[in-house]
Protein chains: 2
Amino acid sequence: MQSFTIENYLKKIYHLTQRENKPVQTNAIADGMNTSAASVTDMIKKLSAKKLVNYTKYQGVTLTEEGNKKAINIIRKHRLWEVFLVNTLHFKWDEVHEIADQLEHVKSDVLIDRLEKHLNYPITDPHGDLIPDKNGLFKDVNFKPLNLLHQNQEATIVGVSEHSSSFLKRLEELNLIIGQKITFINVVDFDNSIEIKILDNQINISKEIAKNILITI
Amino acid sequence: MQSFTIENYLKKIYHLTQRENKPVQTNAIADGMNTSAASVTDMIKKLSAKKLVNYTKYQGVTLTEEGNKKAINIIRKHRLWEVFLVNTLHFKWDEVHEIADQLEHVKSDVLIDRLEKHLNYPITDPHGDLIPDKNGLFKDVNFKPLNLLHQNQEATIVGVSEHSSSFLKRLEELNLIIGQKITFINVVDFDNSIEIKILDNQINISKEIAKNILITI
DNA sequence: ATATTTTTTTAGATTTGTCTAAAAAAATAT
DNA sequence: ATATTTTTTTAGACAAATCTAAAAAAATAT
Ligand SMILES: [Mn+2]
Ligand SMILES: [Mn+2]
Ligand SMILES: [Mn+2]
Ligand SMILES: [Mn+2]
């Protein structure tokens, strides 16, 4: 019963591991899950007993192969549902995350197969995040933050690394949406903001925004 | 947390009330939910405290207006998801119930609105069960069991009152699917089985089957 | 009217996931 | 090297949903 609590822990540990490649600390999980460190310790012990994480007291956790596989599968489901919500039900990209957080826990492999087929085997979700295949494999791509471009380099927006609704809405206002072509002009010394050309206009965006936009050249 | 336990109780009480129009007994719920009578008594008290059921000890329960509304909303969601699974993802009608039992608990009114629109405002689910509208109102229809037809009456299959996979699969084998036109021939005295004409063939079906097929004239 | 059977409720436990407060360990600063 | 701060764990409790066994009430049979 209630197996989606475990699923949410695995997902959180997975994402925290991606960011920094070392054992995830109890407090980091607690923060990310809006719960207490004590609760996390309790849960870690359960996950460890189920062989879903490697755990030694005071040393943080890493996912076992089994735990990793489970986490990736949930992420796969989450992202496919997001594609469904945007492509089939016409939600906007800033409206789908919370609903997908519920849908990702529905258990039925054949459902996900059919959904994937219906969506025509998408490679990325509405935010440009890669959708792992049935075996948990991610396609190899070359996405990097917009702020790492050089003068006069052209690039195409392919994703975002921040998913808050306010950020996504702001991007839409600026036409900084997936598929959009942009040209890097220069960095403004004073505040590190960035000038870019988009749809024949030159605009200025903060470094904060720039580094959360992923592009490919 | 875990509000779908409550939702499942409400749904079960709703369905049991439909069958016999009187307070639902503890044991009936326990049977239907595969749980113990003691657990049901516990839960009934909680539902009663939340004013979702009317309860007096030893007298069974009925849904309050609030409880009824909630139950109907879950049924609405269940049936819309079943339509989605059959129409959009091409599942067969005997494959969708268990998945819909999970999907029905996803919380998002706008999701259901969009789903309903995507499905083109269906009136019935894949089993011919009516889909209540947003206000919980059911369309008024005139469905009755096939076994109540008279000699030579023509009718169209519009639903089923039994949802087991084995029953649905059997119906499909016999071409007894929704939309199919049939003609009632006669009842066989010996075993109360029924002769019908379907697609220019005459076939015999048991009374058990006949009474679980809903038709309209 | 009494006895028997069936149904329902209570009593007391258990499991899951959570909490706060206190103790222990590890990391950091002086 | 010691003291201070931060992080993590333990101890003990709680709410939700479940269980079994026993008691109580209601229904049924004689
Ligand atoms: Mn998301
Ligand atoms: Mn996403
Ligand atoms: Mn169903
Ligand atoms: Mn149905």
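Me: In this predicted model, which residue has a side-chain N or O atom 3.3 Å from a base oxygen of DNA strand D?
Reply: The model is predicted, and side-chain atom pairs count in it only at pLDDT 80 or more. The partner of the base oxygen of DNA strand D is an N or O atom in a side chain, at a distance of 3.3 Å. Because a polar contact requires a pair of N or O atoms within 3.5 Å, the pair qualifies. The side chain belongs to Asp42(B).

Me: Which residue has a side-chain N or O atom 2.3 Å from a phosphate oxygen of DNA strand D?
Reply: Phosphate oxygens of DNA strand D are approached by backbone as well as side-chain atoms. A polar backbone atom of Ser36(B) is 3.2 Å from one phosphate oxygen. The side-chain atom at 2.3 Å from a phosphate oxygen belongs to Tyr55(A).

Me: Which element gives the largest share of the surface near DNA strand D?
Reply: Two or more residues each come from helix 2 (26-33) and helix 3 of chain A, and from helix 1 (3-19) and helix 3 of chain B. The surface has eight nonpolar, nine polar and four charged residues. The largest share is five residues, and the element that gives it is helix 3 of chain B.

Me: What percentage of the atoms of DNA strand C within 4 Å of the protein belong to sugar or phosphate?
Reply: DNA strand C is surrounded by 21 residues, and the closest include Thr35(A), Ser39(A) and Lys57(B). The atoms of this strand within 4 Å of the protein are divided between sugar or phosphate and bases. The part that belongs to sugar or phosphate is 75%.

Me: Which residue places a backbone N or O atom 2.9 Å from a phosphate oxygen of DNA strand C?
Reply: Two side chains also reach phosphate oxygens of DNA strand C. An N or O atom in the side chain of Ser39(A) is 2.5 Å from one, and the corresponding distance for the side chain of Lys57(B) is 2.6 Å. The backbone atom at 2.9 Å is from Tyr58(B).

Me: Which element gives the most to the surface near DNA strand C?
Reply: At least two residues each are supplied by helix 1 (3-19) and helix 3 (37-49) of chain A, and by helix 2 (26-33) and helix 3 (37-49) of chain B. The greatest contribution is five residues, and it is made by helix 3 of chain A.

Me: Which residue coordinates both manganese ions?
Reply: The protein donors of the manganese ion (ligand 1) are His78(A) (NE2), Glu82(A) (OE) and His97(A) (ND1), at 2.0 to 2.1 Å. Those of the manganese ion (ligand 2) are Glu82(A) (OE), Asp125(A) (OD) and His127(A) (ND1), at 2.1 to 2.3 Å. The two ions are 3.5 Å apart, and the residue that coordinates both is Glu82(A).

Me: Why are His78(A) and Glu82(A) separated by about one helical turn?
Reply: The donors of the manganese ion (ligand 1) follow the spacing H-x3-E-x14-H along the chain. His78(A) is buried at 7% relative accessibility, and Glu82(A) is buried at 1%. The separation is about one helical turn because the two residues are four residues apart in helix 4 of chain A.

Me: How many residues apart in sequence are the parts that Glu82(A) and His127(A) tie together?
Reply: The donor residues of the manganese ion (ligand 2) are spaced E-x42-D-x1-H. Glu82(A) lies in helix 4 (residues 65-88) of chain A, whereas His127(A) lies in the loop between helix 6 and strand 3 of that chain, so the pair ties together parts whose separation in sequence is 45 residues.

Me: Is Asp200(A), with its positive phi, buried or exposed?
Reply: Asp200(A) is not a glycine, yet its phi is about 70 degrees. The residue lies in the loop between strand 6 (194-198) and strand 7 (201-205) of chain A. Its relative accessibility is 73%, and because the cut-off is over 50%, Asp200(A) counts as exposed.

Me: Which residue stands opposite Thr156(B) in strand 8 of chain B?
Reply: Strand 4 (residues 154-160) of chain B has six of its seven residues buried. This strand pairs with strand 8 (residues 213-216) of chain B in the antiparallel sense over four bridges. The residue opposite Thr156(B) is Thr216(B).

Terms used:
Residues are numbered from 1 along each chain as its sequence is written. Chains are lettered from A and ligands numbered from 1 in the order in which they are written. Side-chain values use heavy atoms; hydrogens and water are left out. A residue is near a molecule or strand if one of its heavy atoms lies within 4 Å of it. A polar contact is a pair of N or O atoms within 3.5 Å; within protein, one must be able to donate a hydrogen and the other to accept it, and residues adjacent in sequence count only if both atoms are side-chain atoms. Buried means under 20% relative accessible area, exposed over 50%, partly exposed in between (1.4 Å probe, protein chains only). Donors are N, O and S atoms within 2.8 Å of the metal (3.2 Å for Na, K and Ca); water is not among the atoms, so sites may look incomplete. Two strands pair if DSSP finds at least two bridges between them. Ala, Val, Leu, Ile, Met, Phe, Trp, Tyr, Cys and Pro count as nonpolar, Asp, Glu, Lys and Arg as charged, and the others, Gly among them, as polar.
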